[in-house]
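Trainee: I would like a close look at one part of this model. Please take me through a pocket and its lining.

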Amino acid sequence: MLNSVSAPAARRRLSADDRRRQLVAIGLAKIVETPIQDLALDDVAAEAGISRGLLFHYFPTKTDFYLACIAAAGRRMLRTTAPDEDLPGEQQVEMITRLMVEQIERRRDFYLALVHGHGVADPRVSEVMESVRDGSTARVVAALDVPERQRDVVRAWWAYTEDRALSWSAVPTGERPVQVSELVEECVAALHALLALKQ
């Protein structure tokens, strides 16, 4: 009796949208650890099992691909900092703040690249960070039922909180002046102080 050798499984052909999502997912996984300007598109294409030329069929330029990855990073950031909406408003704000601080601590270089647009000279990089700040602002406004006239105060507070988190995370763990819980407490206290100034 002849030994049967199973043929390799046929590669499933992806739709254009699915292929774009696959490529962005690969790029996003890589840019978390690799500066975006150092991301090799040959590596992305190889991991997807396609040619570099085909990658450019889905993203006409390298910048288009980078921007798609950065936009996906912004959406992920909003997902990973979403609060438990069943919690009271004050606890939601504490949770959002803690999750944002922890995310910045984990991916400080990546976050700095998003904030300052390192590696991609395109104004749309800034638009990604603006959308993250807008989303985070909307969550705080909803959680605390902040009047619309004070939305700009909450948005400015997010910039302050990001700066505190970036400065704090730059210090080696054992040398930080406060623990993450204290940093979050100070940031939330600053929010309430700012809101009280503009009643």
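Mentor: What follows covers confidence, then the second largest pocket, then one residue in a helix.

Start with confidence, since this is a predicted model. The mean pLDDT of the protein is 86. Of the residues, 89% score at least 70. Residues 1–11 are another matter: pLDDT stays under 50 there. For that stretch the model has one contact beyond four places in sequence.

Now the second largest pocket. Its space comes to about 190 Å³. Which helices each supply at least two residues of its lining? They are helix H4 (62–80), helix H5 (89–106) and helix H6 (108–116). H4 gives the most, with four residues. The lining includes Ala73, Arg76, Met77 and Thr80. Gln103, Arg106, Arg107, Phe110 and Tyr111 also line this pocket. Leu28 and Val32 complete the list. By class, the lining has six nonpolar residues, two polar ones and three charged ones. The charged residues are Arg76, Arg106 and Arg107. Thr80 and Gln103 are the polar pair.

Turn next to Ser136. This residue is found in helix H7, which spans residues 123–144. Is Ser136 buried or exposed? Its relative accessibility is 1%, so Ser136 counts as buried; the cut-off for buried is under 20%. What does Ser136 touch, leaving aside its neighbours within four places in sequence? Ser136 is in contact with Leu78, Met100 and Trp158. Leu78 falls within the range of H4, residues 62–80, a helix that also serves the pocket lining.

Conventions: Residues numbered from 1 in each chain as written. Predicted model: local features only at pLDDT ≥ 70, side-chain atom pairs only at ≥ 80, totals over all residues. Heavy atoms only, no water. Buried < 20%, exposed > 50% of the residue type's maximum accessible area, 1.4 Å probe, protein only. Contact = heavy atoms within 4.5 Å. pLDDT = per-residue confidence, 0-100. 1 Å grid on protein atoms, 1.4 Å probe; cavity = no way out; pocket = protein on both sides within 12 Å on 5 of 7 lines; lining within 4 Å. Points joined across faces, edges and corners; volume = space filled by probe spheres on them.
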